[in-house]
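Here is a set of exercises to work through with the model open beside you. Try each task on your own before you read its solution.

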Amino acid sequence: MTSASIDRAPFGKLPDGTVVERVTLRGEHGFEAAILSFGATLQALIAPDRDGHCDDIVLGHDELDGYLAQRKFFGATVGRYANRIAGARFVLDGETVQLDANNGPNALHGGVQGFDRKLWRIVELSEDPGPTLVLARESPHGEEGYPGTLAVRVTYCVRSPMELSVTYEATTDRPTCLNLTNHSFFNLEGVRSGMQILDHRLTIVSDHFLAVDATAIPLHEPPRPVDGTPFDFRKPTAIGARIRMRDEQLRLGRGYDHNFCLAKGAGLCLAARLEAPHSGRVMELFTDQPGLQFYSGNFLDGSTAGKGDRLYRQSDALCLEPHAWPDTPNRPDFPSARLDPGQLYRRSIVYRFSTACE
C-alpha cells in the first residue's frame, strides 16, 4: 500500500508558450489519476487488476502535442453542452440562441472551441478528504454562442480505497443552458493491452433509451423501452453480444451511441457497472445526472496514435458519459438543462473500482 500524495509537473506548452500542468492524485494500492490543466482532462487513470498489477485504463496521449493535434475528447471536460443540440440553435425566453455548428448541422460538445480546448486555472490542491484538485475558468457571455458569463469549477478527488469523484459547479449572470460531463474512453483490460472492449460485461440501470435520427438527434417520441432490444443492459451483458444485430438504431450509430434514461432520485445513484473478464477490474459509476450516454467507440478509425504510439481503432474503448439528455434545450418534454442567476449548478460522477475473482 502506498500513501496518498499529490504531484504537480509541467506537461508541455501551448503554441503561445503557456505551460500546461499535469497534476497526479495518488491514492492507495497504486490507484492514481492524472489531470491536465488543458481541458481539465483526465489524462491517465491507473488501477490494479486482480493480481495487483497496475495499468492505465483510459485512452489519451503521452504528450500534449497529441491533444493539440486532434480533437478526440479523450478524458476531457465537455461543455458548455455535452452531446448534441439540433440545428445548432435553441430558443430561450423567446430569443433564438445561435450556436456554432460543428457536427453536420448540429452543435456537439460545446462547439468549435469547447471547454476541452481551454486552459483551466489550478485554484486548489489539498489532501483532505483525499488528494484533491480544483480547476476553474470563466466562460464569457457569447462564447460559442451561449448566453451568460459562466463561472465554472471542476473538482477531482481520489478517495480510499479506489474511487475517483468528479464534481462540476457553475453559476451564471443570465439565463442559459448548461450540461457538463467527463468524456473518458475506458478499457479496463488496460489501454496498452491490445484487447478490445467487446467482451467487457456492462450493466446499465435503465429501462428506457432515446432513439435517434441519422444525425444522432433524439427522435420526437417518448423514450423507448429497452426490453426486447439490443439496448437491454439491465443484467450484465457482453458489449459485443448484440452490437452487430440487425437493428436500425445500431445501424445509425454504427454501434451504441445512445442516451439511457436514468431513474429520477435525490443524490448519487448507481448508473452502470463495467467488468473486464481478463484483468478482473470492475468499475461502478454513480451519478446524479438524468442520463447516461453509452458510446462503444464506433468512430475510432486508426487515424489517431495514442499512448505508447498505439493506433486507436473501433472497439478499443468505450465511453459512459453521465449528463443531461441530448438536445434538451429544444425539448420541453425532457428534464431541463436551464441555469438561472442565483442558482448553483452542481453535478457529480463517482467512479468506484474493485476487482472480481475469476
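**Exercise 1. A pair of strands**

Task: Find which residue is the bridge partner of I122 in β12, and work out the sense in which β11 and β12 pair.

Solution:
1. Go to β12: the residue there that bridges to I122 is L135.
2. Before going on, note that this is a predicted model, in which local features need pLDDT of at least 70, side-chain atom pairs count only at pLDDT 80 or more, and totals for chains, interfaces and linings use all residues. Residues are numbered from 1 along each chain as its sequence is written, and side-chain values use heavy atoms, with hydrogens and water left out.
3. Helices (H or I, at least four residues) and strands (E, at least two) are DSSP runs, numbered from the N terminus. Two strands pair if DSSP finds at least two bridges between them.
4. Now look at the strands: β11 and β12 (residues 132-139) are antiparallel and share five bridges.
5. Finally, look at the loop between β11 and β12, where P129 is found. The peptide bond from D128 to P129 is cis, with omega near 10 degrees.

**Exercise 2. From two strands to a sheet**

Task: In what order do the nine strands of the open sheet lie, and which strands are at its edges?

Solution:
1. Trace the sheet across: the order is β11-β12-β13-β14-β30-β24-β23-β18-β21, with antiparallel pairing.
2. The edges are β11 (121-126) and β21 (237-238), each of which pairs on one side only.
3. Step inward from β12 to β13: eight bridges join these antiparallel strands, and A136 has R153 as its bridge partner in β13.
4. Continue to β14: ten bridges join β13 to β14, again antiparallel, with L150 opposite T172 in β14.
5. Follow the chain between β13 and β14: a hairpin of three residues connects them. P161 lies in this loop, and the peptide bond from S160 to P161 is cis, with omega near -5 degrees.

**Exercise 3. Buried or exposed?**

Task: Decide whether S165 is buried or exposed, and do the same for Y351.

Solution:
1. Set the cut-offs: buried means under 20% relative accessible area, exposed over 50%, and partly exposed in between (1.4 Å probe, protein chains only).
2. S165 sits in strand β14 (residues 163-172). Its relative accessible area is 9%, so S165 is buried.
3. Check what S165 touches (contact means heavy atoms within 4.5 Å): leaving out residues up to four places away in sequence, the list includes Y156, C157 and I349.
4. Y351 belongs to strand β30 (residues 345-355). With a relative accessible area of 1%, Y351 is buried.
5. Y351 and I46 are 305 residues apart in sequence, but 12 Å apart in space, C-alpha to C-alpha.
6. As a last check, take strand β13 (residues 150-159): seven of its ten residues are buried, so β13 is largely enclosed by the rest of the structure.

**Exercise 4. Backbone angles**

Task: What sign does phi have at A40 and at F73?

Solution:
1. Start from the general rule: most residues other than glycine have a negative phi, and most peptide bonds are trans.
2. A40 is not a glycine, yet its phi is positive, about 45 degrees. A40 is in the loop between β3 (32-36) and β4 (41-48), and counts as buried at 0% relative accessibility.
3. F73, also not a glycine, has a positive phi of about 65 degrees. F73 is in the loop between α1 (64-69) and β6 (76-78), and counts as buried at 13% relative accessibility.
4. D93 takes a positive phi near 50 degrees in the hairpin of β8 and β9, where two residues lie between the strands.

**Exercise 5. The whole chain**

Task: How many helices and strands does the protein chain have, and what is its radius of gyration?

Solution:
1. Count the elements: there are two helices and 30 strands.
2. The radius of gyration is taken over C-alpha atoms, and the globule rule is 2.2 Å times the number of residues to the power 0.38.
3. For this chain the radius is 19 Å, close to the 21 Å that the rule gives for 358 residues, so the chain is as compact as a globular protein of that length.
4. Along its principal axes, the C-alpha trace spans about 55 × 50 × 40 Å.
5. To finish, 56% of the 358 residues count as buried.
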